[in-house]
Amino acid sequence: MPKFAANLTMMFNEVPFLDRFEAAAKAGFKYVEYLWPYDYPAEELKAKLDQYGLKQVLFNTSAGDVANGEWGLAAIPNREADARRDIDQALEYALALQCPTVHIMAAVVPERENRSAYENTFVENVRYAAEKFKPHGINICLEALSPEVKPNYLLKSQFDTLAIVEKVDRDNVFVQLDYFHAQNVDGNLARLTDKLKGKFSHVQIASVPDRHEPDEGEINYQYIFDKLDEIGYDDYVGCEYKPRGDTVAGLGWFEKYKN
Ligand SMILES: O=C(O)[C@@H](O)C(=O)CO
Ligand SMILES: [Mg+2]
């Protein structure tokens, strides 16, 4: 049965971020993920995890200058120093939070830019991270984002991500299989899951088209959860959705899965 992680960036936004750890634990979650930890000292976040008996299972490298259109640095040519500084910081946080996986964000590729230069830069920066994280047993995930959410992001299809994972060719680098993006871009989710078996190590879920709780929309998540069990997936499933209304009121779907 999947191990569900509350996404504290998207869920429990009825309370300030630092109060969401308690809210998630009270709602029955044992695992949490969120986009970025860097606004807080790692010690403060670790104290929250310990206080509420939670395990951190994922966070991201920096998104960069979001106000100016950046969404990740690791694929931007000639920004390797910035990207590797962020990767080093992510390692410090992963060690402090005892977090097993870091999502390395790639970048938006502006129109008319050389796409292959971005891909090659991303491969080299991910290899750098893979080699730094390996001695600590920390994995890396790479994620495709649908153009509806993030136009011109380097990775659009799950197969774009798989191609980069294969080019990087390090055994601690995997696909981050976000079924919301996968349905928007690739579809055919059951066959996609079979094709990615063994190549993905973190899953995220949300309804399509509205990115709400997984109990509505065009994806039959019970079928997906059964498929994940069938292929022996025993990693985490991040609940990366915008609650329709009150977070707790929307957790009826979770009742039967409480870990
Ligand atoms: O799906 C998403 O948007 C997130 O998982 C993320 O890390 C980057 O946008
Ligand atoms: Mg995601």
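1. N188 is exposed in this predicted model, with a relative accessible area of 52%. Because exposed means over 50%, the value of 52% for N188 qualifies. The residue sits in the loop between α6 (179-185) and α7 (189-196). Its phi is near 50°, a positive value in a residue other than glycine.

2. N78 can be read alongside it. Phi of N78 is near 65°, again positive in a residue that is not glycine. The loop that holds N78 runs between β3 (55-60) and α3 (80-97). N78 is exposed, at a relative accessible area of 72%. As background, most residues other than glycine have a negative phi.

3. The peptide bond between V208 and P209 is cis, with omega of about 15°. P209 belongs to the loop between β7 (200-205) and α8 (221-230). For orientation, most peptide bonds are trans.

4. Which residues hold the magnesium ion (ligand 2)? The protein donors are E143 (OE), D178 (OD), Q204 (OE1) and E240 (OE), at 2.0 to 2.2 Å from the ion. The site has six donor atoms and is octahedral, with angles among them of 78 to 176°. Along the sequence, the donor residues follow the spacing E-x34-D-x25-Q-x35-E. E143 lies in the loop between β5 (139-142) and α5 (158-168), while E240 lies in the segment after β8 (236-239), so this pair ties together parts that are 97 residues apart in sequence.

5. Are these two glutamates buried or exposed? E143 is buried, with a relative accessible area of 5%. E240 is buried too, at 6%.

6. Ligand 1 has a set of surrounding residues that includes E143, D178, Q204 and E240, which are also the protein donors of the magnesium ion (ligand 2). Others around ligand 1 are L35, N60, W71, H103, L145, Q176, H181 and R211.

7. Three side chains place polar atoms by oxygen atoms of ligand 1. For N60 the distance is 2.8 Å, and for W71 it is 3.1 Å. An N or O atom in the side chain of H181 is 2.8 Å from an oxygen atom of the ligand. Taken alone, ligand 1 exposes 260 Å², and the protein buries 95% of that.

8. The unreviewed UniProt entry annotates residues 21-256 as "domain: Xylose isomerase-like TIM barrel". In the model this span is 38% helix and 14% strand. The C-alpha atoms at its ends lie 21 Å apart.

Technical notes:
Residues are numbered from 1 along each chain as its sequence is written. Chains are lettered from A and ligands numbered from 1 in the order in which they are written. This is a predicted model: local features need pLDDT of at least 70, side-chain atom pairs count only at pLDDT 80 or more; totals for chains, interfaces and linings use all residues. Side-chain values use heavy atoms; hydrogens and water are left out. Donors are N, O and S atoms within 2.8 Å of the metal (3.2 Å for Na, K and Ca); water is not among the atoms, so sites may look incomplete. Four donors count as tetrahedral if all angles lie between 85 and 135 degrees; four count as square planar and six as octahedral if opposite donors are over 155 degrees apart and all others between 65 and 115; anything else is irregular. Helices (H or I, at least four residues) and strands (E, at least two) are DSSP runs, numbered from the N terminus. Buried means under 20% relative accessible area, exposed over 50%, partly exposed in between (1.4 Å probe, protein chains only). A residue is near a molecule or strand if one of its heavy atoms lies within 4 Å of it. A polar contact is a pair of N or O atoms within 3.5 Å; within protein, one must be able to donate a hydrogen and the other to accept it, and residues adjacent in sequence count only if both atoms are side-chain atoms. Accessible areas come from the Shrake-Rupley method with a 1.4 Å probe; for residues, only the protein chains shown count as cover. UniProt positions are given in the numbering used here, feature names are shortened, and annotations may be inferred rather than shown by experiment.
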